[in-house]
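Hi everyone, thanks for making time this morning. I'd like to walk you through one chain and its side-chain interactions, so please have a look at the screen.

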Amino acid sequence: MAILSVNAGSSSLKFALYPLIGSEVQTQILSGLMEGLESGGAPQMRWHYQGQEHCCALVVDDQPVFAQALCSLRELLAQLPDAPTLQAVSHRVVHGADKYRASLFVNDEVLAQLAAFNSLAPLHQPHNLEGIRAFRAAFVGLPQVACFDTAFHASLPEVDYRFALPQELYAQGLRRYGFHGLSYQYVMGTLLAHSTRAKGRTLMAHLGNGASLCAARDGKSCATTMGFSALDGLIMGTRPGALDPGVLLYLLEQGWDHARLQKLLYKQSGLLGLSGLSADMRRLREASSPQAKLAIEAFTYRVVRETGALVACVQGLDVLAFSGGIGEHDVTLRAQVGQQLSWLGVVIDPERNARATGSEVVAIHAPSSQVEVWVVPTDEAVVAAREAATLLFA
């Protein structure tokens, strides 16, 4: 038996296959990525199985590209030696809003309700739901499970999640939700397995193309930088992070419409907007332009500034953890953040930090550090698989 964990985007699909022994999820035996699934793209599938990388083009005819891609995936699964029997497909869904605070099986009613949240996460939610619909059609009768990025933050106190807006707007769902919840759930569980101090005041930094911070106590989210949408908080690859709403009012006065504003906020800002070059931190590190340098410095500064705010919320810091593409691989960023948090007692060991390449869980703090510092490669897919197993065997 096995569970297939998937993450559907606008033009891609990540997947991973997890065997089950009883109700326990085992180490993945297959992982892969389908790309170019948008209209007019060049779809291909890359996968990793038994230590080997494979790649093939996906043949497209008159059927929808996504549907054909899933047929190819189904064929791949059937061709595996001793192919396991799928028990469920578990989907990452960005937004559950107030209604869904835990993973659940998807039916028509749930899909309709989740579609009502599309405007809360316009670049993610519609594609997540398209993935669920496509899998329901391609794998008829197989349970589909939705796992929400907002669920981990259901423990946020009201003083944190309420906006200072009229009650009638709160009743419409205008509040802070928080995101990256599957990642934080994994990182928190890993920290608790490695450190007794993780039950205290923990700050998790998920730093990648999407970036946020989460402060936790007793393993539960207490404060986070993302809010109503995935736009708030830290500078990201193409998103600005915290922005004075007066900027948007000004642009509206200049004649900007919704579509232009949405493109600016989701596609043209952040590291890309500041640098004028790239949203990829690796490319910015290699560049010599003043704009690239500014983008890196601004990203680091915002991480440090928001850390101070979240540390104040939990009144101190016992453990700091880096995850996400940048957090797991950017040695320089971790060193700079650690140096700027030295007032908290953070001391990062340079040699340990240099050896942390995102391949395993590593402690990078020096013996003299008053705060434990960890690099934790995140794994949202296994969290989704475990959630599905919990529902299947409840």
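I'll go through charged pairs, one annotated residue, and then the aromatic rings.

One thing to keep in mind as we go: this is a predicted model.

Let's begin with charges. How many salt bridges does the structure hold? The count is twelve, and I'll pick out some of them.

My favourite is the one where the side chains of Arg92 and Asp149 meet, at 2.5 Å from N to O. This pair links distant parts of the chain, 57 residues apart: Arg92 belongs to strand β7, residues 86-93, while Asp149 is in the loop between β9 (144-148) and α4 (158-161). Are these two partners buried or exposed? Arg92 has a relative accessible area of 16%, and Asp149 comes in at 1%. Buried means under 20%, so both partners qualify.

Let's stay with Asp149 for a moment. UniProt, in an unreviewed entry, places the feature "active site" at this residue. Please remember that such annotations may be inferred rather than shown by experiment. Which residues does Asp149 touch, leaving aside those up to four places away in sequence? On one side of the list we have Arg92, Val93 and Val94, and then there is the run Gly178, Phe179, His180, Gly181 and Leu182.

The next salt bridge joins the side chains of Asp160 and Arg176, with 2.7 Å between N and O. Here, too, distant parts of the chain are linked: Asp160 sits in helix α4, and Arg176 in the loop between α5 (167-171) and α6 (181-194), 16 residues apart. Asp160 is buried at 18% relative accessible area, and Arg176 is buried as well, at 11%.

For a pair of sequence neighbours, look at Arg305 and Glu306, whose closest N and O atoms are 3.4 Å apart in a salt bridge. Arg305 is partly exposed, with 43% relative accessibility, whereas Glu306 is buried at 14%. There is also a network of salt bridges, which links Asp98, Arg101 and Arg175.

Now for the rings. Searching the whole structure turns up five aromatic pairs. One of them is Tyr100 with Phe148, a stacked pair with 5.6 Å centre to centre and 10 degrees between the planes. Why does this pair tie together parts that are 48 residues apart in sequence? Because Tyr100 lies in the loop between β7 and β8 (104-105), and Phe148 lies in strand β9. Tyr100 is buried, with a relative accessible area of 9%, and Phe148 is buried with 2%.

A second example is Tyr177 with Phe228, and this pair is tilted: the centres are 6.3 Å apart and the planes make 40 degrees. Tyr177 is in the loop between α5 and α6, and Phe228 in the loop between β12 (220-224) and α7 (245-253), so to speak a link between distant parts of the chain, 51 residues apart. Tyr177 counts as buried at 4% relative accessibility, while Phe228 is partly exposed at 25%.

Finally, where do charges and rings come together? The charged end of Arg162 sits over the ring of Tyr170, 3.8 Å from its centre. Likewise, Arg260 places its charged end over the ring of Trp256, at 3.7 Å from the ring centre.

That's my tour, and I'm happy to go back to any of these residues on the screen.

Technical notes: Residues are numbered from 1 along each chain as its sequence is written. This is a predicted model: local features need pLDDT of at least 70, side-chain atom pairs count only at pLDDT 80 or more; totals for chains, interfaces and linings use all residues. Side-chain values use heavy atoms; hydrogens and water are left out. A salt bridge is a side-chain nitrogen of Lys or Arg within 4 Å of a carboxyl oxygen of Asp or Glu. Helices (H or I, at least four residues) and strands (E, at least two) are DSSP runs, numbered from the N terminus. Buried means under 20% relative accessible area, exposed over 50%, partly exposed in between (1.4 Å probe, protein chains only). Contact means heavy atoms within 4.5 Å. Rings of Phe, Tyr and Trp (its six-membered ring) pair if their centres lie within 6.5 Å; planes under 30 degrees apart count as stacked, over 60 as edge-to-face and the rest as tilted. A charge sits over a ring if NZ of Lys or CZ of Arg is within 6 Å of the ring centre and within 35 degrees of the ring normal.
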